[in-house]
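Please open the model in your viewer, with a cartoon for the backbone and sticks ready for the side chains. The tour below moves from one selection to the next and says what is there.

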Amino acid sequence: MTPSDRLLDEINRQLLDALQRDARTPFSELGRAVGLSAPAVAERVRRLEDAGLIRAYRAVLEPAALGYALQAYVRLTVDRGEDDAFIAHARATPEILVADRVTGSDCYVLRVAVTGVAHLEAAITALKAFGTPTTSLILSSVKDDVILQPPHR
């Protein structure tokens with residue numbers, strides 16, 4: 001049993017679920033939902049943070065409302081010796097929302113947000129410096145909020 005397993009009692013699972021749905025929920029409201037005082041909830045959340053179960057709190061922005069009308073997945077097969085340069089590019093490029101290294105014939109799967117077709121074309125052209133991109137436009141998302149449930153062991 002890992003230390004994080006000991007932290008994952010039913011109350012902490014409920015707290016993690018609630019915080020993923022709205023990280024701005026006051027401790028007093030969380031406490032009412034799980035039957036604890038606000039200070040007890042604050043201590044539990046601190047322990048979850050210290051154990052690394054809670055990695056960060058952030059605002060989730062709506063790309064379309066910010067002018068990013070298109071999103072796409074780009075599978076990228078990186079040329080030999082271009083990994084480090086690509087990683088630096090991905091980290092420095094705000095249009096690249098997610099860059100996952102994957103198994104299979106591709107090296108990376110990227111999720112990009114762009115203002116339009118010309119912007120997408122420029123992003124793809126920039127990626128060609130590192131290898132071969134294959135692009136799929138995202139038409140819609142049927143599930144885009146990730147709520148992770150810790151496994152029951």
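Select Ala118 and Glu121 in helix 6, both of which are exposed, that is, over 50% relative accessible area, with under 20% counting as buried and values in between as partly exposed (1.4 Å probe, protein chains only). The helix, like the other elements named here, is a DSSP run numbered from the N terminus, where helices are H or I runs of at least four residues and strands are E runs of at least two. This is a predicted model, in which local features need pLDDT of at least 70 and side-chain atom pairs count only at pLDDT 80 or more, whereas totals for chains, interfaces and linings use all residues. Residues are numbered from 1 along each chain as its sequence is written, and side-chain values use heavy atoms, with hydrogens and water left out.

Now turn to the other side of helix 6, which covers residues 117-127, and select Leu120, Ile124 and Leu127, which are buried. Seen down the helix axis, the buried residues fall within an arc of 55°, so they line one face of helix 6; the arc is that of the directions from the helix axis to the C-beta atoms. An α-helix has 3.6 residues a turn, so residues three or four places apart point the same way.

What covers these buried residues? Show strand 1 (70-78), helix 5 (83-92), strand 2 (96-101), strand 3 (108-114) and strand 4 (131-137), which are included in the cover of the buried residues of helix 6.

Within strand 3, pick alanine 113, which counts as buried at 3% relative accessibility. Leaving aside neighbours within four places in sequence, alanine 113 is in contact (heavy atoms within 4.5 Å) with Tyr68, Leu70, Gln71, Glu95 and Leu97. Add alanine 64 to the selection: alanine 113 and alanine 64 are 49 residues apart in sequence, and their C-alpha atoms are 8.8 Å apart in space.

Finally, zoom out to the chain, which has six helices and four strands in the sequence order α-α-α-α-β-α-β-β-α-β. The radius of gyration of the chain, taken over C-alpha atoms, is 20 Å, well over the 15 Å that the globule rule (2.2 Å times the number of residues to the power 0.38) gives for 153 residues, so the chain is more spread out than a compact globule. Along its principal axes, the C-alpha trace spans about 55 × 35 × 25 Å, and 29% of the 153 residues count as buried.
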